[in-house]
Amino acid sequence: MNTLKTLMTAAVAASLSVTAFSAQARDFRLGLITPQPHIWTQEAEGFAETLAERSGGEHSVSIFPAQQLGTEAQMVQQLQAGSLDMAFLTLAEISNRIPDFGALYAPFLVEDIDHAVALLHSDTAEGLLDKMPAQVGLVGVGYGMAGMRQILSREPIESAEDLSGLKVRITPFDPIRDFYAAAGAAPTPLPLPAVYDALANGQVDAIDMDYDAIRLLKFYEQADNLVVSNHMMFPMVAVVSGRVWAQLDGEDRELIRTAMAEHADTVMTRFQQNHEAWGEDLRRQDITVTDIGPEFFADAIEKWEGVWAPKAPSLAALRDTAAELAE
């Protein structure tokens, strides 16, 4: 009888162990807006491979690029509800919900892409991530980026006055909208997949974009005037749904945080390493290239600061940190 009881107890324990293991194993869903060939998508896929390997195959990640799950605003709602597990997001949608993140888009906050990477690695920038769980219900595990912003236009832009009334495609968020509005342009939000046709049919006159996207998606075929301004960096943040995070044990949280942060950081490294070469590649195209500096946007910068300094308390600390890093 004792032997039978022992065997039954062992069987129940084994069954519960298997059930617990199965309950922990998950296929996470990660959404992002970039197309398949984009660095963000490549590193999202790399994260999926890393997590599967380090979890011994217990966890997997299904990647949904190119807005398959909707716009970033829709994905944020899905993350908040727990119906989407993870995402690589531009900070655009986050800054719409937490204005303090808008400080990272301050015009000419950094001098170049190396300076941008250093600032995003700083304690000042990383401290902003601590605001996300309470204010948007997301856990930010690390920054990536999409290079520095340039302007590609159908007609030449030779002075700040040439921006007056120009329909400039932007990512739909307040800091960049306010920048172009201050410059006298007509900021026009459009999703990335719609940009090529919008340039072709004249729906927009110019676009605010980084070297990689201009090159990769061949936007220069429809607009042959490139203004190299490096006027703004464009951070990305790797996030996990707060609801999903609460369901994970400490070991899985650390596993996900570490792997996801590594691949987000690799995004930055790849943009940093390729920035100059991509710029040179564009200069070899049949386009007109104009180099400008902060003085080109002097009035717009002053107006932007007037709007955002009160809305983004971290702006002063970020500028101080950026100045220290530039020394």
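Of the 327 residues in the protein chain, 51% count as buried. The model on display is predicted, and the tour begins with the chain as a whole.

**The whole chain**

Display the C-alpha trace: along its principal axes, the trace spans about 95 × 40 × 35 Å. A cartoon view shows 14 helices and 10 strands. With the surface switched on, the protein chain exposes about 14000 Å², of which carbon and sulfur atoms supply 50%. Among contacts between residues at least 6 apart in sequence, 76% join residues at least 24 apart.

Next, colour by confidence. The mean pLDDT of the protein chain is 93, and 93% of its residues reach 70 or more. Residues 1-23 have a pLDDT below 50, and beyond near neighbours in sequence this stretch has 1 contact in the model.

**Strands β1 and β2**

Select β1, residues 27-31, together with β2, residues 60-64. These two strands pair in the parallel sense over 5 bridges. For one example of the pairing, pick L30, whose bridge partner in β2 is I63. Now add helix α2, residues 39-54, to the selection. In this view β1, α2 and β2 make a right-handed β-α-β unit.

**From β2 into helix α3**

Move on to the loop between β2 and α3, where Q67 is found. Phi of Q67 is positive, about 60 degrees, although Q67 is not a glycine. Most residues other than glycine have a negative phi.

Continue to helix α3, residues 72-81, and show the side chains of E72, M75, V76, Q78 and L79, which are buried. Why do these residues sit on the same side of α3? They cover an arc of only 160 degrees around the axis, and this places them on the same side of the helix. To see what covers the buried residues of α3, display the elements that include β1, β3 (86-90), α4 (91-97), β4 (138-153) and β9 (233-241). Just after α3, select G82, which has a positive phi near 85 degrees.

**Helix α4 and helix α8**

From the elements covering α3, keep helix α4 and select S95, which lies within it. Is S95 buried or exposed? S95 is buried, with a relative accessible area of 1%. Leaving aside neighbours within four places in sequence, the contacts of S95 are F101, G102, Y105, F173 and P175.

Follow the last of these contacts to P175, in helix α8 (residues 174-182). P175 is buried as well, with a relative accessible area of 0%. Not counting residues up to four places away in sequence, P175 touches S95, G102, Y105, W304 and W308. Then draw a distance between the C-alpha atoms of P175 and A92: they are separated by 8.2 Å, although the two residues are 83 apart along the chain.

**The loop before β9**

The final stop is the loop between β8 (225-228) and β9, where N230 lies. Phi of N230 is near 50 degrees, a positive value in a residue other than glycine. N230 is buried, with a relative accessible area of 17%. From here, the view may be extended to β9, one of the strands that cover the buried residues of α3.

Notes:
Residues are numbered from 1 along each chain as its sequence is written. This is a predicted model: local features need pLDDT of at least 70, side-chain atom pairs count only at pLDDT 80 or more; totals for chains, interfaces and linings use all residues. Side-chain values use heavy atoms; hydrogens and water are left out. Buried means under 20% relative accessible area, exposed over 50%, partly exposed in between (1.4 Å probe, protein chains only). Helices (H or I, at least four residues) and strands (E, at least two) are DSSP runs, numbered from the N terminus. The arc is that of the directions from the helix axis to the C-beta atoms. Contact means heavy atoms within 4.5 Å. Two strands pair if DSSP finds at least two bridges between them. A crossover is right-handed if, with the strands pointing away from the viewer, the path from the first strand over the helix to the second runs clockwise. Accessible areas come from the Shrake-Rupley method with a 1.4 Å probe; for residues, only the protein chains shown count as cover. pLDDT is the predictor's confidence in each residue, from 0 to 100.
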